[in-house]
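Open the structure in your viewer and keep the selection box at hand. This tour goes stop by stop: what to pick, then what is there.

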Amino acid sequence: MIKISFLSAEIAFAAIWLLVRILVWIRNRKINWKREALLLLMFVNLAVIIRFVFFPRALAEGHIQPLVFDPETAWPFRINIVPFVHLFQYGNTRDIIWNVVGNTAMFIPSGIVLPVVYKKLNNFGKVVAAGAFISFCIEILQLPFASRASDIDDLIMNTLGVVIGYGIYAAARRVS
């Protein structure tokens, strides 16, 4: 059994991000600080998503609970590919609302940040596809963790969040 703390996961994510950025700087032989500042928005966006997707929101003794990988419990994977089957099977209405609003709201920043940071994501379809792809990757990354489940409902709600975020981005562009 391997326990992965929130701090170690975020440090690993930051190290990988920094390594990739350094390799880009070496390849380009320069640093575009304005671009790096924009990319920092994407880094923060993904770091927050990592926090809430992989680490339970409930605290244990005031601390974020670790993500546990146990090869003995990893299989069979917990996957739901039928939409809205488990969405309303939570213990109470508060948990249902928390799940729907949380999964949607968590990806609203992605719908805003993606077109700002990546100029090739210059329309609704591209931004939504990129956001859905990020959500899909997260669902795949959750597979080996018995405490996590890969659920089509999460993918749908995350993508809805990207749609809302892109709507906010598009409205702000029209106003300016």
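**Stop 1: a residue in a helix**

Select Ile96. At 15% relative accessibility, Ile96 counts as buried, because the cut-off for buried is under 20%. This is a predicted model. Ile96 sits in helix α4. Which residues does Ile96 touch, leaving out those up to four places away in sequence? Show Leu87, Phe88 and Tyr90: these are the contacts of Ile96 on that count. Now add Leu143 and draw a distance. The C-alpha atoms of Ile96 and Leu143 are 22 Å apart, with the two positions 47 residues apart along the chain.

**Stop 2: the whole chain**

Zoom out and colour by secondary structure. The protein chain has 7 helices and 6 strands. Follow the elements from the N terminus: the order is β-α-α-β-β-β-α-β-α-α-α-β-α. Along the principal axes, the C-alpha atoms fill a box of roughly 50 × 35 × 30 Å.

Next, colour by burial. Of the 176 residues in the protein chain, 36% are buried. Turn on the surface. The accessible surface is about 11,100 Å², and carbon and sulfur atoms account for 71% of that surface. Then select the charged residues. There are 17 positive and 10 negative charges, and their mean positions lie 19 Å apart.

A contact map is worth a look here. Take the contacts between residues at least 6 apart in sequence: 74% of them join residues at least 24 apart.

**Stop 3: the largest pocket**

Select Phe52, Tyr90, Asn99, Asn103 and Arg148. What do they surround? The space in the largest pocket is about 990 Å³. The lining of this pocket counts 38 residues, and the five you selected are the closest to its centre. Tyr90 has come up before, as a contact of Ile96.

Now colour the lining by element. Which element gives the largest share of the lining? Helix α4 does, with 7 residues. The elements that each supply at least two lining residues are listed below.

- α2 (33-54) and β5 (79-80)
- α4 (93-105), α5 (108-117) and α6 (124-141)
- β6 (150-151) and α7 (152-175)

**Stop 4: a cis peptide bond**

Select Trp75 and Pro76. The peptide bond that joins them is cis, with omega about 0 degrees. Most peptide bonds are trans. Pro76 belongs to the loop between α3 (71-74) and β5. Is Pro76 buried or exposed? Pro76 is exposed, with a relative accessible area of 58%. Add Arg148 from the pocket stop and draw a second distance. The C-alpha atoms of Pro76 and Arg148 are separated by 12 Å, although the two residues are 72 apart along the chain.

**Stop 5: two positive phi values**

Open the Ramachandran plot. Most residues other than glycine have a negative phi. Pick Arg29 on the plot: its phi is positive, near 60 degrees. Arg29 lies in the loop between α1 (6-28) and α2. The relative accessible area of Arg29 is 78%, so Arg29 counts as exposed.

Pick Phe84 next. Phe84 also has a positive phi, near 65 degrees. Look for Phe84 in the loop between β5 and α4. How far is Phe84 covered: buried, exposed or partly exposed? Phe84 is partly exposed, at a relative accessible area of 45%.

Terms used: Residues are numbered from 1 along each chain as its sequence is written. This is a predicted model: local features need pLDDT of at least 70, side-chain atom pairs count only at pLDDT 80 or more; totals for chains, interfaces and linings use all residues. Side-chain values use heavy atoms; hydrogens and water are left out. Helices (H or I, at least four residues) and strands (E, at least two) are DSSP runs, numbered from the N terminus. Buried means under 20% relative accessible area, exposed over 50%, partly exposed in between (1.4 Å probe, protein chains only). Contact means heavy atoms within 4.5 Å. Accessible areas come from the Shrake-Rupley method with a 1.4 Å probe; for residues, only the protein chains shown count as cover. Lys and Arg count as positive and Asp and Glu as negative; His and the chain ends are not counted. The place of a charge is taken as NZ of Lys, CZ of Arg, CG of Asp or CD of Glu. On a 1 Å grid over the protein atoms alone, a cavity is a set of points where a 1.4 Å probe fits but cannot get out, and a pocket is an open set with protein on both sides within 12 Å along at least five of seven lines; lining residues have an atom within 4 Å of a point. Grid points are joined across faces, edges and corners, and a volume is the space filled by probe spheres set on the points.
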